Every structure is written in C-alpha cells, then in structure tokens.
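Colleague: Could you walk me through how the labels on this model are earned? I'd like the reasoning behind each one.

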Amino acid sequence: MDRVGVAPLVRNYHLFYTCVANSDPAIRKAVRDLGRFPSQKEIDRVIDQFCPEANDSYTMRTHQNIFLGTLDEFVQRLKKEGVELSSFNDVIGRVTNSLAQPAGGGRLTQDVLSKIAEILSEAGNRRVVATESLLRQLQENRNEVDALRSELIELRKIANTDSLTGLANRRAFDDKLSQLMGQKTHFVLLLADLDHFKQINDEHGHAFGDQVLKAAAQVLRKSMGDDIFLARTGGEEFAAIVPDASPDQAFRIAERLRLSMQANHVRKNKEDVAVTISVGLAQSRSFAASNDVYEAADMALYQSKHAGRNRVSGHVSANEITSDNRYRLYSGTDS
C-alpha cells in the first residue's frame, strides 16, 4: 500500500487483504489497474465492487445510515407515543376524580355523566388512532430492519466465501482458526495443495485451472463430514479443520481425500486430466497460537511435496520423537 501510495484507511486495508487472500483474478486485476497513487474515489469504486462489506465502505455507510434513520424514526415515534399516552392517562385521571368527587359534593347529574362520556369517547378514539398509527409504523420499521438484516447477512456471507469454489475463504479460515485456538478447542488442521497446478494452468489454460479448483472443492465436500470446516486459503491450497479428531482419524480422512482426488479426473474436451493432492496435518493441542499450528501443517505439507507429492504427512512434535526427523510420513504407495 505504501509502495503504490494508498492511504492507510481501514477499508483500504480490507481491499488489499482481500486481494492477497483471494485468488480471484478479477479483483487482482482491478487492484493492479489502480496503478500508482490512485484517488480514494477510484479505490472506493473497487471496494464497493469486490468487498462492499468492508468497514466504512460506501455500501456499509449507506446501510448504517438507513438503519440509524429507521431507529431514529422508531425512537421519535415512541417518544410521541409516550406523550400521547401521558395525555390519555391525564384525561382518565381527571374523569376518575370527577366521578369520585362530584362538583359541589352533590350527586352526578345527567349532564355531568354525558360530558364525562363525551370526554372518555374522544380520548379513547384518539388513543385508538394513535395506537393504530404506532402499529403501522412499527410494521414498516420491522420490514425495513428485516430487509437490512438480510442484506447485511448476505454481505457477511459474500465476505467470507470464495467466489470460485463456494468454500469459505482465507478471511473466514483465519477467523475460525483464531476462534478455536482461543477457545482451546482440540482439532486437527489439514492443509492440502494440488500437485503441479502451475503446470496444469500452463498446459491447459487458466479457465481449465478454474475447473480443476471447482472439482477439487467438490471432492473436498464429498470426502469430509458436515462438521468439518472447509476453506480455500489461496491459489491451489485448501484447508480443513477436523474437530475432536485423533491423528489416526484425521489421517484416514486425509487419505480418503487423497484417493478420491486421484480417482477424480477432470475432463477437457475428450481428454481426462489427472489431478492429485498433497496433504499436511497438525494437531492443535501441540501449539498455543493459530500461526504455530498453521505453520506446522504447512511444514508437513511441504514434506509431502518434497517426498514426491500425492501423499499425506503428519507433523510430529519434538517430544514425540527421538530422532532428528520431525515428521511421520504416510503414502498411498510407499512409506
């Protein structure tokens, strides 16, 4: 941001984070096209196109203003209703006093009763009209708030979803990982990376590469349970958070993913293109911070790549081994 002369505003940080964490070529091109020293107006146009959920974006400010305006109308209406109710209570109080203590201490005459009935009728009618008006206003406010709530939920969903695969994106993954580590919840982190993906892009084109990524996301969904959090964390890398799993259980899940990916060729014209995946595992209980467990899984993933790809490697902490090798390597072919 400093290099291209972008002001350190919250919404600008949001845009550049989204650009780095999201491999969507459209947003990357839009950011590149801003060039050096773009105006804030130019930046805001890109923000509202690709991440309108950013704090202080035009879209969010508009939603907030509408929401605050609706609340202000509601509060003002309640204040008015309070005044009208106070007036009605005052009328009822005066009538009650008149009934309890007739003028001159005598009996209530027909004229007095008629006057009291007239006052009560008028006050009651005004109260009914005011109540009906309040109910209509409340319904209008409720409809507006419901609509805004739905839009805000949709914006949050968009903000946390990878547009290509439909999985959670890197932002949502970072939030989930930090949340679970803060709660000291036990889980196993799987990092998976498609093998030779650059070669696939170079040989078959980026459009086909996108098909491969979508197919990989489908294999992930089919291989994992509903309780497993799935994300595309960038490029050809995916992540899965497996709750309350032992290393052996997590390995079996990862191995099922690896075999499913190996068997799931992606068709281009009349050609079937083989795609494989490498996986690294790490247990959360071995680490205190989310960055540490991520780095451990990433190192295990690197070990899978280094050992020949298309395999699963599990991280082993220093106190679990006696040799210099900090990894336990699994493979569908050799160990």
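Modeller: Happily! Two strands are said to pair if DSSP finds at least two bridges between them. Please keep in mind that this is a predicted model.

Colleague: What makes strand 2 and strand 3 a pair?

Modeller: Strand 2 (residues 229-234) is joined to strand 3 by 5 bridges, and at least two are needed, so the two strands pair. They run antiparallel. Within this pairing, Phe229 has Ile241 in strand 3 as its bridge partner. The hairpin of strand 2 and strand 3 has 2 residues between the strands, and Gly235 takes a positive phi near 55 degrees there.

Colleague: How do you know that strand 1 pairs with strand 3, and in which sense?

Modeller: Strand 1 (residues 187-194) shares 7 bridges with strand 3, in the antiparallel sense. The requirement is at least two, so this pairing qualifies as well. Leu190 stands opposite Ala240 of strand 3.

Colleague: Why is strand 3 called largely enclosed?

Modeller: A residue is buried when its relative accessible area is under 20%. In strand 3 (residues 237-243), 6 of the 7 residues are buried, so the rest of the structure largely encloses this strand.

Colleague: Why is Tyr17 called partly exposed?

Modeller: Tyr17 has a relative accessible area of 35%. Buried would need under 20% and exposed over 50%, so a value in between is called partly exposed. Tyr17 lies in helix 1 (residues 10-21).

Colleague: What does Tyr17 touch beyond residues up to four places away in sequence?

Modeller: Tyr17 touches Arg170, Arg171 and Asp174. Tyr17 and Arg171 are 154 residues apart in sequence, with 8.5 Å between their C-alpha atoms.

Technical notes. Residues numbered from 1 in each chain as written. Predicted model: local features only at pLDDT ≥ 70, side-chain atom pairs only at ≥ 80, totals over all residues. Heavy atoms only, no water. Buried < 20%, exposed > 50% of the residue type's maximum accessible area, 1.4 Å probe, protein only. Helix = DSSP H or I, 4+ residues; strand = E, 2+ residues; numbered from the N terminus. Contact = heavy atoms within 4.5 Å.
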